[in-house]
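Visitor: Could you take me through one part of this chain, the place where two neighbouring helices pack together, and then show me what surrounds it? I would like every term explained as you go.

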Amino acid sequence: AQAPATGPPPAPDDAAPELAFIERLYREHDDDRAESEALRFLHARPQHPQRPAVELARAKLYYRAGRYEEANLMLYALLDREPGPELAQRAQRLLTFSHLRRGRIARAQETAAALAPAGAGAPPLQALAGAPAGAVDPQVAEAWSTWLPGSGYLLLDEPGKAATGMSLNVALLGATAIAANAGNAPAALLFLVLEGLLWQGGRSGVRQDAEALNRRLRERRTESWLAAHGEPELLGVGIALHLGGG
C-alpha cells in the first residue's frame, strides 16, 4: 500500500527568542525596553497564539509601575477577547489586585467572585474597607488640638510634636499677658495673632497628619493582603503561560 502523502513539516515557531527576550527584560525590571519589545511583538504578530500572554505581561508592567488605571484598560480589553481559562484567571487576579491598590473594594470583590470555583465563595474583602488597626479619627484629633493646641498629636503617638505645640501655645499666651500688663498693646496684639495662627495651623496640621497616618496604615494592610494572596508570584514572571514560572 502506498503511504499517504504528507505535506512539509510545520515550520518551527521563530517567536520563542523574542518572547524569551521580553521575559528577560521583564525579570530584570528593564520595563521601558520590555514594553517596547512587547509592542514590537504585538504589532508584528497580531495573530500569534501567544499574543494574549504578551498583552498580560504588558499590563503587569503598568501595574508594577503603579499605573493601575491603564493596566485595568488593558486587562478588560484582554478579557473581552476570551484569551482562555488559565490566562483569563491570571488577568482577573491582577485586575482584583489593581482595584484593591486603588481602594475600590467593591469592584475588587466583584472581580474576585468571578474567580471563585463553583459553589465556593470569593475571599471576603470588606474587612479591607474598614478603618485599619491603629487608625486615628481625624475629627477627634482636631478637636483635641482645638481645646489644647498640640494635644491632638498625643493620639498619633507623637509626643514630641504634642509637647512642642503645647509649649509654644503657653509661651505665646504668656508673652501676650506680659506685654498687656506692661502696657505694650502692639506687642500683645502681635503675640495674640501669632498664637491664633499657631492654633489654626495646629488644628489643620494634626488633621492632615491623622489622615496621612490612616492612609499609610491602609496601604500596609493592603500590601499584607496582596502578599498573602499571590501578588509577588503573579508579578514574578511576565509571560508565565509560555515561559514557565509561578
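Guide: Helix α2 passes helix α3 in a left-handed crossing, a term used when the near helix is turned anticlockwise from the far one by less than a right angle, whereas clockwise would be right-handed. Please keep in mind that this is a predicted model, in which local features need pLDDT of at least 70, side-chain atom pairs count only at pLDDT 80 or more, and totals for chains, interfaces and linings use all residues. Residues are numbered from 1 along each chain as its sequence is written, and side-chain values use heavy atoms, with hydrogens and water left out.

Helix α2 covers residues 31-44 and helix α3 covers residues 51-64, and their axes come within 10 Å of each other and cross at roughly 155°; an axis here is a line fitted to C-alpha atoms over the stretch in contact, and angles run from 0 to 180 degrees between N-to-C directions. The two helices are therefore roughly antiparallel, the word for angles over 145 degrees. From α2, the residues that meet α3 are Asp 31, Ala 34, Glu 35, Ala 38, Leu 39, Phe 41 and Leu 42, and on the side of α3 they find Arg 51, Val 54, Glu 55, Arg 58, Leu 61, Tyr 62 and Arg 64, where contact means heavy atoms within 4.5 Å. Sorted by class, this contact holds eight nonpolar residues, six charged ones and no polar ones, with Asp, Glu, Lys and Arg counted as charged, Ala, Val, Leu, Ile, Met, Phe, Trp, Tyr, Cys and Pro as nonpolar, and the others, Gly among them, as polar.

Going back along the chain from α2, we come to His 29 in the loop between α1 and α2. Although His 29 is not a glycine, it has a positive phi of about 60°, and at 53% relative accessibility it counts as exposed, a class that begins over 50%, while buried means under 20% and partly exposed lies in between, for a 1.4 Å probe and protein chains only. Helix α1 itself, residues 16-27, contains Glu 23, which is buried at a relative accessible area of 5% and whose side chain reaches the backbone nitrogen of Ile 239 at 2.8 Å.

Going forward from α3, we meet another pair, helix α4 (residues 68-80) and helix α5 (residues 85-101), whose axes also come within 10 Å and cross at roughly 155°. That angle makes α4 roughly antiparallel to α5, and their crossing, too, is left-handed. In this contact, α4 contributes residues including Leu 75 and Tyr 76, and α5 residues including Ala 91 and Leu 95; by class, the contact has 10 nonpolar, four polar and one charged residue. The loop between α4 and α5 holds Glu 82, which has a positive phi of about 50° without being a glycine and is exposed, with a relative accessible area of 69%.

To place these helices in the whole, the chain has 11 helices and zero strands, both being DSSP runs numbered from the N terminus, of at least four residues (H or I) for a helix and at least two (E) for a strand. Of its 246 residues, 38% are buried.

Methods
Parallel < 35°, antiparallel > 145°, perpendicular 65-115°, else oblique. Polar contact = N/O pair within 3.5 Å; in protein donor to acceptor, adjacent residues only side chain to side chain.
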